[in-house]
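Visitor: I am new to this structure and would like the terms explained as we go. Please show it to me.

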Amino acid sequence: MNELLKEIDERRARRALKSEKIDDAVVQRIMTAATYAPSCFNSQPWRFMVVSEEEELARLHESLSGGNYWAKKAPLMIVLATKMEFDAKLSDNRDYALFGCGLAAANLMLQATNEGLYAHPMAGFDPLVVKEAFGIPDDYIVITLIAIGYPGSLEGLSDKHVDSEKSERSRKPESEVICRQQWNFA
Ligand SMILES: Cc1cc2nc3c(=O)[nH]c(=O)nc-3n(C[C@H](O)[C@H](O)[C@H](O)COP(=O)(O)O)c2cc1C
């Protein structure tokens with residue numbers, strides 16, 4: 001599909017990462033892109049920890065769930081955390097901190113795609129291990145770890161993940177998630 005922005009079309013949560021280091025200037029652009037995201041009242045609820053040193057990466061590896069073994073090859077991991085009080089809390093459960101962080105993460109991933117990188121967000125990690133390893137205060141929500149690296153080989157990936165590397169994007173039919181002019185969802 002070529003009517004969409006190239007980065008939106010090309011971005012996929014791929015797992016075949018190369019361990020090759022990423023230049024500081026590239027990392028800087030990715031992080032700046034993340035911070036250019038919009039947020040409610042410009043609250044900027046996101047807090048990022050950029051991790052690229054071997055010892056610190058190893059500490060993050062301890063937190064990964066078994067299925068995320070492939071992320072250990074990533075030369076760069078981003079920890080994204082927030083507190084609900086960092087953003088607006090409006091009527092009817094509209095707490096915006098996670099929303100703002102999601103927008104920042106999307107910017108980060110699209111900039112990474114533009115730089116020729118894979119950027120793969122994960123929920124499969126133990127946040128308490130991450131907090132303990134880095135002294136992150138208890139009241140933060142560690143939302144995601146994002147594994148980032150250049151495209152690498154399939155070596156070391158499980159059969160399931162090899163298949164997934166070649167898979168087409170899979171999405172619900174638009175009729176299930178988009179309605180027009182009237183509310184159509186139960
Ligand atoms: C919040 C969030 C958590 C995710 N957690 C994991 C994870 O722990 N491990 C994993 O391999 N992929 C994870 N993913 C990637 C999704 O599985 C992937 O984005 C989805 O299957 C759609 O594929 P696509 O991004 O290639 O379009 C996560 C994605 C998001 C947004």
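Visitor: What makes the pair formed by Arg171 and the ligand a polar contact?

Guide: A polar side-chain atom of Arg171 lies 2.9 Å from an oxygen atom of the ligand. A polar contact is a pair of N or O atoms within 3.5 Å; within protein, one must be able to donate a hydrogen and the other to accept it, and residues adjacent in sequence count only if both atoms are side-chain atoms. The 2.9 Å is within 3.5 Å, so the pair counts. The protein buries 60% of the 620 Å² that the ligand exposes when taken alone (areas by the Shrake-Rupley method with a 1.4 Å probe; for residues, only the protein chains shown count as cover). This is a predicted model: local features need pLDDT of at least 70 and side-chain atom pairs pLDDT 80 or more, while totals for chains, interfaces and linings use all residues. Residues are numbered from 1 along each chain as its sequence is written, and side-chain values use heavy atoms, without hydrogens and water.

Visitor: Which side-chain distances to the ligand do Arg15 and Asn68 have?

Guide: An N or O atom in the side chain of Arg15 is 2.8 Å from a ligand oxygen. For Asn68, such a side-chain atom is 2.8 Å from a ligand nitrogen.

Visitor: Why do residues such as Trp70 and His120 count as around the ligand?

Guide: Both are listed around the ligand, because a residue is near a molecule or strand if one of its heavy atoms lies within 4 Å of it.

Visitor: What is found just after helix H5?

Guide: Gly135 takes a positive phi of about 65° there. Helix H5 spans residues 127-134 (helices are DSSP runs of H or I, at least four residues; strands are E, at least two; both are numbered from the N terminus).
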